[in-house]
Each structure stands twice: as C-alpha cells, then as structure tokens.
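These are my notebook entries on a predicted model. I set out to look up helix packing, sheet order and the surroundings of the ligand.

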Amino acid sequence: MNPPAMLETPRLRLRPPVVEDAAAIFDAYTQDAQVARYTTWSPHRSLDETRNFLEQHCVAGRKAGNMFSWLITMSEGGPAAGMIDFRLTACRAEVGYVLAQRYWGHGLMTEAAGAVVEWVIAQPEIHRVWATVDLENVASQRVLEKVGMVREGMLRRWVLFPNLGPVPRDVWSFARIKETGTRS
Ligand SMILES: CC(C)(COP(=O)(O)OP(=O)(O)OC[C@H]1O[C@@H](n2cnc3c(N)ncnc32)[C@H](O)[C@@H]1OP(=O)(O)O)[C@@H](O)C(=O)NCCC(=O)NCCS
C-alpha cells in the first residue's frame with residue numbers, strides 16, 4: 001500500500017511526521033495529561049520520549065508498511081495541531097488520532113479523519129476501517145460516527161489505558177465496511 005504523503009482538507013494539511021517535529025509535538029500535546037487521558041500512552045515527560053515515538057512508530061511504521069501516520073497542521077501553517085494514523089492487519093485498517101487541546105471543538109478531527117477514512121476504504125485490499133474508543137470518550141465516538149462508522153458493539157476488557165488504571169477497560173468497537181452488494 002502506498003498512501004499519499006500529503007492529504008489536504010478545506011482547513012488542514014496532513015503530512016508524514018519527521019523526527020524534527022518532536023519539539024513542536026511535545027509542546028502541543030504529548031506532555032498534556034488531558035489529551036493522553038483516553039490514549040494507550042502516558043503523557044511524555046521529556047522530549048526524548050516524543051522523539052522515540054516518532055522514530056520507532058511513525059517513521060519505522062511507514063518504512064515497514066504497516067502503520068501510516070500524518071501530522072495535522074492548519075492549512076495556513078502554524079505548529080503541530082495533532083496526529084492521525086492507521087495500522088494495517090490483513091484486510092483491516094485501524095484508525096487512531098489525537099488533537100492538541102487548543103484545537104478541540106471545531107470539527108477539525110472530523111475533517112482529518114474523514115479524509116483518511118475515505119482514502120483507506122477506497123483501497124481495493126481494505127474491507128474494514130475501524131477504531132476502538134473508551135465508553136466515556138464521547139467526543140471521539142461522535143467523530144467516528146461523523147466519518148461514517150457504526151457502533152458495532154462492546155469489547156470487554158479490551159484496552160489498557162495506562163492513565164485510567166491497571167485493568168483493561170471496556171471499549172466500543174466502531175467500523176465502516178466496504179459494501180460489496182452481496183451478503184455472505
Ligand atoms: C476526540 C478528539 C479527537 C475530538 O476532536 P475534535 O476536533 O474536537 O472533534 P470534532 O469537533 O470534529 O467533533 C467532536 C464531536 O463531539 C462532540 N463532543 C465534544 N465533547 C463532548 C462531550 N463531552 N460529550 C458529548 N459530545 C461531545 C462535539 O459536539 C462534536 O459533535 P457534533 O459535531 O455533533 O457537535 C479530541 O477531543 C482529542 O484529541 N481528544 C484526546 C485524544 C483522544 O481521545 N483521541 C481518541 C482516542 S479513541
């Protein structure tokens with residue numbers, strides 16, 4: 001699979017993150033406990049943690065061809081606003097995203113996720129785009145609905161959210177599938 005390096009939406013520009021983005025990303029959101037609350041990572045305490053994440057996940061993932069991430073910036077420029085990615089497993093792509101707090105509540109993640117989900121589901125080899133979300137993370141559930149995903153059901157004790165305790169939590173599974181026109 002060869003996802004586009006750049007994706008543009010009316011208000012956003014998405015591009016692959018590079019290690020040199022670490023300081024901007026650290027300042028914008030990776031050290032923010034509120035942003036990290038419903039994520040699988042703990043707030044970063046040093047710039048090195050953000051740098052390692054960029055190297056080991058974003059850059060390495062694109063090279064290996066199993067994870068593709070984009071840094072989200074406003075079209076007119078400015079600092080890092082957030083990140084969105086998808087991970088490939090067989091015919092499925094799992095989406096994840098995060099936005100710096102100062103950008104919340106303006107429909108921006110719906111715009112970014114819409115662009116990524118539309119591109120991914122259009123790929124011949126992909127039949128399912130999906131995401132899991134904590135039961136309490138209502139804003140993210142709305143984003144997933146607004147990009148055409150359906151709440152499928154609950155996965156119990158599915159995700160360990162390190163910021164919410166040591167026990168894996170129940171999550172909603174949301175998905176959009178490629179309609180084939182035939183029932184199996
Ligand atoms: C979740 C997140 C990406 C949303 O980004 P955003 O750009 O603010 O989202 P949007 O503005 O596109 O849409 C948010 C929707 O949730 C709604 N919403 C926001 N907070 C809400 C709340 N507490 N209860 C109910 N609905 C809420 C908004 O009204 C909006 O829906 P609407 O368009 O129907 O009014 C952002 O809050 C974030 O980065 N959170 C931290 C990281 C995270 O949780 N990532 C997802 C892990 S699954």
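Entry 1, helix packing. I looked up the handedness with which helix 1 passes helix 3 and found a right-handed crossing. I then identified the residues that form this contact. Helix 1 contributes Ala22, Ala23, Ile25, Phe26 and Thr30, while helix 3 contributes Leu47, Thr50, Arg51 and Leu54. Sorted by class, the contact of helix 1 with helix 3 comprises 6 nonpolar, 2 polar and 1 charged residues.

I next recorded the geometry, for which the general description is the angle between the axes of two packed helices together with the distance between those axes. Helix 1 spans residues 22–30 and helix 3 spans residues 47–64; they pack at an angle of about 110°, and their axes are 9 Å apart. Because angles of 65 to 115 degrees count as roughly perpendicular, I entered helix 1 as roughly perpendicular to helix 3.

Entry 2, sheet order. I traced an open sheet of 8 strands, whose order is 1-2-3-4-5-6-8-7 and whose pairing is mixed. Strand 1 (7–8) and strand 7 (150–159) are the edge strands, each pairing on one side only.

Entry 3, strand pairs. I went through three of the pairings in turn. Strand 2 (residues 12–15) and strand 3 (residues 67–74) run antiparallel and are joined by 4 bridges. In this pair, Leu12 stands opposite Met74 of strand 3. Strand 3 is also joined to strand 4 (residues 82–89), by 6 bridges, and these two run antiparallel. Here I noted that Trp70 stands opposite Ile84 in strand 4.

For strand 6 (residues 128–134) and strand 8 (residues 169–177), I found 7 bridges and an antiparallel run. The bridge partner of Trp130 is Ala175 in strand 8. I also checked what covers this part: helix 5 packs on the sheet and touches strand 6 and strand 8, and the direction of helix 5 makes about 165° with that of strand 6.

Entry 4, ligand shell. Which residues come nearest to the ligand? Of the 20 residues around the ligand, I listed Leu99, Met109, Thr110, Ala139 and Arg142 as those that come nearest. Two or more residues of the shell come from each of strand 5 (92–99), helix 4 (108–121) and helix 5 (138–146). Helix 5 gives the most, with 5 residues. By class, I recorded 12 nonpolar, 7 polar and 1 charged residues in the shell around the ligand.

Closing note. Helix 5 thus appears twice in my entries: helix 5 packs on the sheet, and helix 5 gives the most to the shell around the ligand.

Conventions. Residues are numbered from 1 along each chain as its sequence is written. This is a predicted model: local features need pLDDT of at least 70, side-chain atom pairs count only at pLDDT 80 or more; totals for chains, interfaces and linings use all residues. A residue is near a molecule or strand if its C-beta atom, placed from the backbone, lies within 6 Å of it. Ala, Val, Leu, Ile, Met, Phe, Trp, Tyr, Cys and Pro count as nonpolar, Asp, Glu, Lys and Arg as charged, and the others, Gly among them, as polar. Axes are lines fitted to C-alpha atoms, for helices over the stretch in contact, and angles run from 0 to 180 degrees between N-to-C directions. Angles under 35 degrees count as roughly parallel, over 145 as roughly antiparallel, 65 to 115 as roughly perpendicular and the rest as oblique. A crossing is left-handed if the near helix is turned anticlockwise from the far one by less than a right angle, and right-handed if clockwise. Two residues are in contact if their C-beta atoms, placed from the backbone, lie within 7 Å. Two strands pair if DSSP finds at least two bridges between them.
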